[in-house]
Amino acid sequence: MTSTEAAAIALQDNAALWSAGEITASEVVDAACDALVAGLDTPGLRILAACTRAEADYDVHDVLPPALQELGLTFHPVAGEAAQEAVARALARRLLADDLKPWELTFRIHQRYGHELPLTERLAELDDEYDILEYGDRTVDQIDAEVTAEARRLAAHPRVPTEPEGIPGVGDQGNSRSR
């Protein structure tokens, strides 16, 4: 994965997590700064990255959707299954980056969606298994391994574009683009 692709994924993940109230607006601005450093560059991304911590809480709501659109990324409305799945995938990637422990992932998913979101049903079931460890024949390590495997499955799809589309001069250096 290229650094621009990783930065785009991180920005989209942070947008989903912010929209769901999982992270602060300043963390979205930090991801925008990281995206610029990684080589993504659009007018909206620059505006987003320029927000101060004090401005972020007020401005991210208006600035983030057009910045994502310029990059060919999606901003999901808070309600809806697509937004829920985007949050679940973002949390799964956080586990894989060692920012969450397996039990934290299952707890947050189970607390947020219960057993209602088909994409995360297995994680909710695994959260239940953590609760009954003393009565079963499985170990924490076994459940952790299954949670990690489930996180890999979630994180593997969907992928985001590595370069913005439709912006003259952005990502268009006369080279052919590969994805």
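With which glutamate does arginine 122 form a salt bridge whose closest N and O atoms are 2.6 Å apart? The partner is glutamate 146. The legends below describe this pair and other close-up views of a predicted model.

**View 1. Arginine 122 and glutamate 146 form a salt bridge between helices H7 and H8.** The closest N and O atoms of arginine 122 and glutamate 146 lie 2.6 Å apart. Arginine 122 belongs to helix H7 (residues 121–131), whereas glutamate 146 belongs to helix H8 (residues 140–155), so the salt bridge ties together parts that are 24 residues apart in sequence. Glutamate 146 has a relative accessible area of 26% and is therefore partly exposed, the range for this class running from 20% to 50%.

**View 2. Arginine 122 also forms a salt bridge with glutamate 129.** In this pair, the closest N and O atoms are 3.3 Å apart. Arginine 122 counts as partly exposed because its relative accessibility is 23%. Glutamate 129, with a relative accessibility of 18%, counts as buried, since the cut-off for that class is under 20%.

**View 3. A network of salt bridges links Arg122, Glu125, Glu129, Arg138 and Glu146.** Both glutamate partners of the preceding views, Glu129 and Glu146, belong to this network together with Arg122. Glu125 and Arg138 are further members of the network. Across the whole structure, a search finds 11 salt bridges.

**View 4. Glutamate 22 and arginine 112 are joined by a salt bridge.** Their side chains meet at an N to O distance of 2.8 Å. Glutamate 22 is located in the loop between H1 and helix H2 (25–38), and arginine 112 in helix H6 (residues 102–113). The two residues are 90 residues apart, and their pairing links distant parts of the chain. Arginine 112 has a relative accessibility of 33% and so counts as partly exposed.

**View 5. Helix H1 packs against helix H5.** Helix H1 spans residues 3–19 and helix H5 spans residues 81–96. The angle between the two helices is about 120 degrees, and their axes are 9 Å apart. Because of this angle, H1 is oblique to H5. The crossing of H1 and H5 is left-handed. On the H1 side, the contact is made by Ile9, Asp13, Asn14, Ala16 and Leu17. On the H5 side, the contributing residues are Ala86, Val87, Ala90, Leu91, Arg93 and Arg94. Classed by residue type, the contact of H1 with H5 comprises 7 nonpolar, 1 polar and 3 charged residues.

Terms used
Residues numbered from 1 in each chain as written. Predicted model: local features only at pLDDT ≥ 70, side-chain atom pairs only at ≥ 80, totals over all residues. Heavy atoms only, no water. Axes fitted to C-alpha atoms, helices over the stretch in contact; angles between N-to-C directions. Helix = DSSP H or I, 4+ residues; strand = E, 2+ residues; numbered from the N terminus. Parallel < 35°, antiparallel > 145°, perpendicular 65-115°, else oblique. Left-handed = near helix turned anticlockwise from the far one by under 90°. Contact = heavy atoms within 4.5 Å. Nonpolar A, V, L, I, M, F, W, Y, C, P; charged D, E, K, R; others polar. Salt bridge = Lys/Arg side-chain N within 4 Å of Asp/Glu carboxyl O. Buried < 20%, exposed > 50% of the residue type's maximum accessible area, 1.4 Å probe, protein only.
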